[in-house]
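Work through the exercises below with the model open in a viewer. Try each task before reading its solution.

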Amino acid sequence: MNQPLFYGNLLVTLAFGAFAGLMFYRLANTKGKIKYAGRQWDATKITLIVIVGLTLVSLIGNTITVFDILRVIVIIVAIVAYWLAKDGIGEEGYVTNGKFHAWKELSGYDYKDDKKFFNLYLTSSSKKESTNVELVEYEFDQKADVLAFMKEKVGNKYKRMKKVIVIKQSLFLTNKKSRL
């Protein structure tokens, strides 16, 4: 048995196993809390599908061991768990990457309406540092419903964030969360 390969498989399997456990835990905690789900197909989720493909390709041409098969199964389960976690807003708060945030953590929101999509931007201050602001972007198809819902839930926290939105677009950030 090739020791470095064995330990590499073990390390990857444990890391993705922990990630899968975390995502299934988050999935269980956010089940039923999302009223309006954001669009699912973003760059991160498409990249994860590519990773699944590359993981399966890694089995071709090598001598396959039980640990290789276990590694592939754990990676696929972890990625499917992440893929199942929806982002969106609900009665009690909003969910991003499977993590629930209460409305009281929200410091402001804004929206942008394109011809193709309706984007909702939420900002929340970090509990750890008062200067750290987190920006979350959602893309919805139901513009009128989402706007009415946001006005009902947190209408007093509406802020124009044109500067933040322009900076985000000019940097071509494709991830859901970015530190400003």
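The exercises that follow concern a predicted model and go from the overall fold to single residue pairs.

**Exercise 1. Overall make-up**

Task: State how many helices and strands the protein has, and give their order along the chain.

Solution.
- Step 1. Count the elements. The secondary structure comes to five helices and eight strands.
- Step 2. Read them from the N terminus. The order is α-β-α-α-β-β-β-β-β-β-α-α-β.
- Step 3. Add the burial figure. Of the 180 residues, 37% are buried.
- Step 4. Check the surface. The accessible area is about 10,900 Å², and carbon and sulfur atoms account for 63% of that area.
- Step 5. Look at contact range. Take contacts between residues at least 6 apart in sequence; 66% of these join residues at least 24 apart.

**Exercise 2. The open sheet**

Task: Give the strand order of the four-stranded open sheet and find its edges.

Solution.
- Step 1. Write the order. It is S1-S2-S3-S4, with antiparallel pairing.
- Step 2. Find the edges. S1 (36–37) and S4 (99–102) each have a single partner strand, so one side of each has no neighbour in the sheet.
- Step 3. Recall what holds such strands together. Strands of a sheet pair through backbone hydrogen bonds.
- Step 4. Inspect the first pairing. S1 and S2 (residues 88–89) run antiparallel and are joined by two bridges.
- Step 5. Pick out a facing pair. Tyr-36 stands opposite Ile-89 in S2.

**Exercise 3. Helix H3: length and burial**

Task: Test whether the end-to-end distance of H3 agrees with its number of residues, then list its buried residues.

Solution.
- Step 1. Compute the expected span. Use 1.5 Å times one less than the number of residues. For the 19 residues of H3 this gives 27 Å.
- Step 2. Compare with the model. The end C-alpha atoms of H3 are 27 Å apart, so the two values agree.
- Step 3. List the buried residues of H3. They are Asp-68, Arg-71, Val-72, Val-74, Ile-75, Ala-78, Ile-79, Ala-81 and Tyr-82.
- Step 4. Take the two charged residues in a salt bridge here. Arg-71 pairs with Asp-68, with 3.5 Å between the closest N and O atoms.
- Step 5. Check their spacing. Both lie in H3, three residues apart, or about one turn of the helix. Residues three or four places apart in an α-helix point the same way, because there are 3.6 residues a turn.
- Step 6. Classify them. Buried means under 20% relative accessible area. Arg-71 is at 12%, so Arg-71 is buried. Asp-68 is at 7%, so Asp-68 is buried.

**Exercise 4. A nonpolar patch**

Task: Name the residues of the nonpolar surface patch and the element that gives the largest share.

Solution.
- Step 1. List the members. Phe-24, Ile-64, Ile-69, Ile-73 and Val-77 make a patch of about 430 Å².
- Step 2. Assign the share. Helix H3 (residues 66–84) contributes the largest share, three residues.
- Step 3. Take one member. Ile-69 lies in H3. Its relative accessibility is 42%, so Ile-69 counts as partly exposed.

**Exercise 5. A salt-bridge network**

Task: Find which residues are linked in a network of salt bridges, and locate each.

Solution.
- Step 1. Start from the total. The whole structure has three salt bridges.
- Step 2. Take Glu-91 with Lys-35. Their side chains meet at 3.4 Å, N to O. Glu-91 is in the loop between S2 and S3 (93–96), and Lys-35 is in the loop between H1 and S1, 56 residues apart.
- Step 3. Take Glu-91 with Lys-153. Here the N to O distance is 2.8 Å. Lys-153 is in helix H4 (residues 143–154), so this pair ties together parts 62 residues apart in sequence.
- Step 4. Join the pairs. Lys-35, Glu-91 and Lys-153 form a network.
- Step 5. Classify the members. Glu-91 is partly exposed at 40%. Lys-35 is partly exposed at 46%. Lys-153 is partly exposed at 29%.

**Exercise 6. Surroundings of Arg-26**

Task: Which residues does Arg-26 contact, leaving aside neighbours within four places in sequence?

Solution.
- Step 1. Place the residue. Arg-26 is in helix H1 (residues 3–30).
- Step 2. Classify it. Arg-26 is partly exposed, at 23%.
- Step 3. List the contacts. They are Asn-97, Gly-98 and Lys-99.
- Step 4. Add a C-alpha distance. Arg-26 and Ala-85 are 7.8 Å apart in space and 59 residues apart in sequence.

Notes:
Residues numbered from 1 in each chain as written. Predicted model: local features only at pLDDT ≥ 70, side-chain atom pairs only at ≥ 80, totals over all residues. Heavy atoms only, no water. Patch = residues over 30% accessible without salt bridge, like charges linked within 9 Å, V, L, I, M, F, W, Y side chains within 5 Å. Areas by Shrake-Rupley, 256 points an atom, 1.4 Å probe, with all protein chains shown as cover. Salt bridge = Lys/Arg side-chain N within 4 Å of Asp/Glu carboxyl O. Buried < 20%, exposed > 50% of the residue type's maximum accessible area, 1.4 Å probe, protein only. Pairing = 2+ DSSP bridges. Contact = heavy atoms within 4.5 Å.
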